[in-house]
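I opened this one to see what holds the ligands and whether the backbone does anything odd. Notes follow in the order I looked things up.

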Amino acid sequence: MISCCIFDLDGVIVDTAKYHYLAWVELAQKLGFEFTPEQGELTKGVSRMASLDIVLRAGGMEDRFSEEEKLRMAAEKNECYLRFISRMTADEVLPGVDRFLKELRDEGIKVVLGSASKNARVILDRCRLTPQFDRIVDGTLVSKAKPDPEVFAKGAELVGIAPRACVVFEDAAAGIEAATRAGMRSVGVGGSPLLDKATLQLKSFEGFTFEQLLRHIDR
Ligand code: B16
Ligand code: MG
């Protein structure tokens with residue numbers, strides 16, 4: 001039985017990875033090095049400070065800065081990122097997502113957000129998706145990053161549903177591992193070969209229905 005669906009944000013509901021990447025590129029440029037799209041891939045699903053370490057390592061600067069300087073750089077990157085996401089609109093919600101969320105609510109399924117981002121609420125507001133969620137668990141509420149199961153375990157706890165009745169939708173391998181460690185089934189979204197540990201894989205939500213989810217997962 002499925003009673004709750006938990007959604008990652010970046011890469012599942014919206015494609016904010018491109019804005020994270022552009023903001024990191026701006027920081028790297030200020031520091032005088034290039035940050036490539038391939039290096040940007042490594043920051044997906046990773047916390048802000050861990051992403052900064054990836055960027056600094058790409059520029060060979062991992063040991064150059066104090067903790068205080070690193071916090072300042074992360075804040076600077078976030079200001080740049082906020083400039084991008086403050087212009088987002090509902091048109092940026094990935095195809096089929098809005099309809100699928102509505103279908104889940106009509107079926108009486110709890111809908112929860114489980115994201116590492118501290119900016120999740122701004123993004124959901126800009127995309128007019130906030131009312132679609134029963135609970136929002138974001139980077140301001142959890143201390144342990146995926147693949148730790150904390151973010152999903154907390155989401156399930158807040159809506160009072162047992163992990164075995166939850167399904168997690170994720171685009172990152174660390175998120176699929178977090179779901180498994182939380183005792184939940186998972187759907188890998190986006191078609192990356194790195195998601196082969198997910199219970200089910202899905203290219204996009206376009207044409208995907210709750211009935212199909214039940215058919216593939218609830219056996
Ligand atoms: P922020 P998700 C993650 O979101 C992003 O994939 C990752 O690139 C980002 O570093 C992280 O959020 C923290 O974001 O700087 O906004 O707090 O995929 O867990 O929804
Ligand atoms: Mg993600």
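**Ligand 1 and its contacts**

I started with the side chain of Asp8: one of its N or O atoms is 2.9 Å from an oxygen atom of ligand 1. I should jot down that this is a predicted model, so every distance here is computed from it.

Next I checked Asp10, where a side-chain N or O atom also comes out at 2.9 Å from a ligand 1 oxygen. For Leu9 I had to look at the backbone: a polar atom there is 3.3 Å from an oxygen atom of ligand 1.

Then I asked how much of ligand 1 the protein covers. I got 98% of the 470 Å² of accessible area that ligand 1 has on its own. I also looked up where ligand 1 sits, and it is in the largest pocket.

I listed the shell as well: 18 residues surround ligand 1, with Gly45, Val46, Ser117, Lys118 and Asn119 the closest. Sorted by class, I find eight polar, six charged and four nonpolar residues in that shell.

**The magnesium ion**

Which residues coordinate ligand 2, the magnesium ion? I found Asp8 (OD), Asp10 (O) and Asp171 (OD), at 2.0 to 2.2 Å. Asp8 turns up again here, after its contact with ligand 1. I wrote the donor spacing down as D-x1-D-x160-D.

I then placed two of the donors on the fold. Asp8 is in the loop between strand S1 (4-7) and helix H1 (17-31), and Asp171 is in the loop between strand S4 (166-170) and helix H8 (173-181), so this pair ties together parts 163 residues apart in sequence.

**Backbone oddities**

I scanned the peptide bonds and noted a cis one joining Lys146 and Pro147, with omega about 15°. I located Pro147 in the loop between strand S3 (135-137) and helix H7 (150-159).

I also flagged Arg128, a residue other than glycine with a positive phi, near 55°. Arg128 is in the loop between helix H6 (120-126) and S3.

Terms used
Residues numbered from 1 in each chain as written. Chains lettered and ligands numbered in written order. Predicted model: local features only at pLDDT ≥ 70, side-chain atom pairs only at ≥ 80, totals over all residues. Heavy atoms only, no water. Near = heavy atom within 4 Å. Polar contact = N/O pair within 3.5 Å; in protein donor to acceptor, adjacent residues only side chain to side chain. Areas by Shrake-Rupley, 256 points an atom, 1.4 Å probe, with all protein chains shown as cover. 1 Å grid on protein atoms, 1.4 Å probe; cavity = no way out; pocket = protein on both sides within 12 Å on 5 of 7 lines; lining within 4 Å. Sits in = over half its atoms within 2 Å of the grid points. Nonpolar A, V, L, I, M, F, W, Y, C, P; charged D, E, K, R; others polar. Donors = N, O, S within 2.8 Å, 3.2 Å for Na, K, Ca; no water. Helix = DSSP H or I, 4+ residues; strand = E, 2+ residues; numbered from the N terminus.
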